Amino acid sequence: MMKIDKSPVPLIIPAPDDPRLTQSVTGTDQTGTRVEIKVPMERPLTLYLNAQEIVTMMTIGDYPEYLALGYLLNQNMLKYNDAVTEVEYDDDLQVVVVRTSHHTNFEAKLKKRTQTSGCAQGTAFGDLLEAVESVALPKAELRTSWLYQMTQTINTMPSLYLEAGAIHGCVLCRESEPLCYTEDVGRHNAVDKIAGWMYRHGVDPGDKILYTTGRLTSEMVIKTVRMGIPILVSRSGFTAWGVDLARQVGLTLVGRARGKRFIALAGEERIVYDQNLAYVEEESARHKRKGESGDD
């Protein structure tokens with residue numbers, strides 16, 4: 001696989017009916033009645049950069065090539081001007097190998113580790129902060145009409161979350177239009193898939209918006225800045241460090257975006273208030289995520 005694909009960019013949307021992504025299990029509900037539900041699958045994926053083992057990730061297993069590229073880019077192990085000669089995935093071995101035209105060696109930095117499916121990735125390296133300090137995010141705007149249409153569209157799209165729960169989603173948008181919608185058991189995996197998709201197809205980040213269902217943490221801010229995206233939106237809340245970093249690097253940070261409501265805590269100068277709130281509907285209870293009430 002070459003670094004940039006010159007063919008038309010494929011749009012990605014969730015595939016909740018894909019039998020590889022969920023499993024049916026039986027149990028009992030609060031009345032003692034036997035029930036059958038679908039739950040997301042988890043499987044290990046071991047990533048190699050050339051001949052070196054980097055990490056084992058727990059993932060639902062879709063788009064392993066994008067996940068591998070995005071992980072390496074967001075961990076600063078690959079640069080955006082590096083030449084990737086091949087990405088090879090072996091489904092039987094559950095291994096993905098990224099090969100570059102230049103020598104790489106991270107042995108002094110790495111210890112073998114397993115990236116869990118929890119919300120805290122725990123593998124970000126200290127030099128990532130230095131890597132984002134020099135990034136100059138592009139000037140862009142976020143119209144509130146785009147924001148409301150975008151969130152309404154995302155909330156009404158078929159998704160693995162609505163099918164089985166226990167999942168995070170990230171969506172790359174241009175204005176109000178979703179371009180790449182990925183899901184995984186960890187939000188870090190979902191955003192890494194988008195980073196890999198953008199790199200693979202040479203997608204310009206300057207006019208894009210990144211939407212996530214998860215919290216706006218320092219990790220999410222760093223990944224968004226690494227990808228060159230100027231606007232980050234979430235239906236969930238903030239962490240203090242995430243807000244501080246966003247303010248330092250000039251990232252527009254919008255959280256608690258549900259129905260008519262949102263809060264911007266950084267980069268407010270990009271926001272254009274062009275939507276009459278009288279024409280915006282409140283969000284359906286069907287789309288609420290666990291733990292959101294604590295953000296109110």
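Select Thr59 and Gly61 to begin with, and look for the place where a polar atom of the Thr59 side chain lies 3.2 Å from the backbone nitrogen of Gly61. Keep in mind, as you go, that the model on your screen is predicted. Thr59 itself is found in strand 4, which covers residues 52-59, and with a relative accessible area of 2% this threonine counts as buried, because buried means under 20%. If you now show the surroundings of Thr59, leaving aside residues up to four places away in sequence, you will find that Thr59 touches several residues, among them Met41, Leu45, Leu67, Asp184 and Lys193.

Turn next to the aromatic rings, for which a search of the whole structure finds four pairs. Select Tyr63 and Tyr66, whose rings form a stacked pair, with 5.8 Å from centre to centre and 25° between the planes. Tyr63 counts as partly exposed, at 30% relative accessibility, whereas Tyr66 is buried, with a relative accessible area of 13%.

Then select Tyr148 and Phe262, an aromatic pair that is tilted, with 6.2 Å centre to centre and 55° between the planes. This pair links distant parts of the chain, since Tyr148 sits in helix 3 (residues 144-156) and Phe262 in strand 14 (residues 261-266), 114 residues apart. Tyr148 is buried, with a relative accessible area of 10%, and Phe262 is buried as well, with a value of 18%.

Which residues do ring pairs link into a cluster here? Add Tyr273 to your selection, and you will have the cluster of Tyr148, Phe262 and Tyr273 in view.

Technical notes. Residues are numbered from 1 along each chain as its sequence is written. This is a predicted model: local features need pLDDT of at least 70, side-chain atom pairs count only at pLDDT 80 or more; totals for chains, interfaces and linings use all residues. Side-chain values use heavy atoms; hydrogens and water are left out. Rings of Phe, Tyr and Trp (its six-membered ring) pair if their centres lie within 6.5 Å; planes under 30 degrees apart count as stacked, over 60 as edge-to-face and the rest as tilted. Buried means under 20% relative accessible area, exposed over 50%, partly exposed in between (1.4 Å probe, protein chains only). Helices (H or I, at least four residues) and strands (E, at least two) are DSSP runs, numbered from the N terminus. A polar contact is a pair of N or O atoms within 3.5 Å; within protein, one must be able to donate a hydrogen and the other to accept it, and residues adjacent in sequence count only if both atoms are side-chain atoms. Contact means heavy atoms within 4.5 Å.
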